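Here are two short exercises to try with the structure open beside you. Work through each task yourself before reading its solution.

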Amino acid sequence: ITVVKNDVKNIEKTIKSVLSQKYHNFEYIIVDGNSQDGTSEIIKKYKNKIIHLRAKDKNIYDALNKGIKKAKGDFIGIIHSGDVYRKKNILNMVGKELRLYDLVSYNMNYVSKDNKIIRKWKLEINKLTKYNFFYIAHPTLFLNKKIFKKKIYDISYKIAGDTDFLCHLSKQIGLNYKYYNKTIMNCLYGGISTKRSFFLKKFNEDLNIFYKHFGFIGIFLLFAKIFIKIRSFSF
């Protein structure tokens, strides 16, 4: 699933990255928030190969929920506009590795507009807990669709809905999770969760989420998350 709104400069490279995958047993859903800049016209070029939902949404998480509800597959993966898979066999590899698990995750790189690596997200996890769930690179997460029958993204959050969702996953007993130490995608740096102008809003949402799920210990976990992220940047 890709959600997008007014990103005419980047949407096509993401579409091409997905459609160029050697693995073919998947459906590709693009949820387009009534784009007005030409994004919708680019998406329509691939109408025979994708499912294009064009509809008004409240935010990115509302759009993701629309895509999830539309999906017919057994598993769900997300790739944001501007992001690309690093090789053409990524979905083939994921398809094989996901069969034994409820959810899997991988590594990713944040890259600049000129494709230079800004940050490498490579944090190993042996078992998913409240102490390491924020190690997961959310865009690399592939999940059994049955998980979304119990919990979808909370649209009351504008920036940190994925953090809330990961908190929820970390508390679920019996989920069969696997981390693979492989870098599968390059993500364009500068999205809503990484823009400096949204830092305070994201921090406030994160603080609310961590405290809601874990109480006072959640505050310490939040600062651990921030420290780990800072260490992963390339200066």
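**Exercise 1. In this predicted model, find the order of the strands in the open sheet of three strands, and say how they pair.**

*Solution*

Step 1. Start with the general idea: strands of a sheet pair through backbone hydrogen bonds, either parallel or antiparallel.

Step 2. Read off the order, which is E1-E2-E3, with parallel pairing.

Step 3. Look at the edges. Strand E1 (2-4) and strand E3 (51-54) each have a single partner strand, so one side of each is left without a neighbour in the sheet.

Step 4. Check the twist: on average, neighbouring strands of this sheet are turned by 15° against each other, direction ignored.

Step 5. Zoom in on one pair. Three bridges join E1 and strand E2 (residues 29-32) in the parallel sense. Val3 has Val31 in E2 as its bridge partner.

Step 6. Now add a helix. Helix H3 (residues 60-70) packs on the sheet and touches E1, E2 and E3. The direction of H3 makes about 145° with that of E2.

**Exercise 2. Work out how many disulfides the model has.**

*Solution*

Step 1. Recall that a disulfide is a covalent bond between the sulfur atoms of two cysteines. The cut-off you need is a pair of cysteine sulfur atoms within 2.5 Å.

Step 2. Take Cys167. The closest cysteine sulfur to its own is in Cys187, 20 Å away, which is too far for a bond.

Step 3. Conclude: the count is zero disulfides.

Step 4. As an extra, ask whether these cysteines are buried or exposed. Cys167 is buried, with a relative accessible area of 0%, and Cys187 is buried too, at 1%.

How values were computed: Residues numbered from 1 in each chain as written. Predicted model: local features only at pLDDT ≥ 70, side-chain atom pairs only at ≥ 80, totals over all residues. Heavy atoms only, no water. Buried < 20%, exposed > 50% of the residue type's maximum accessible area, 1.4 Å probe, protein only. Pairing = 2+ DSSP bridges. Helix = DSSP H or I, 4+ residues; strand = E, 2+ residues; numbered from the N terminus. Axes fitted to C-alpha atoms, helices over the stretch in contact; angles between N-to-C directions. Contact = heavy atoms within 4.5 Å.
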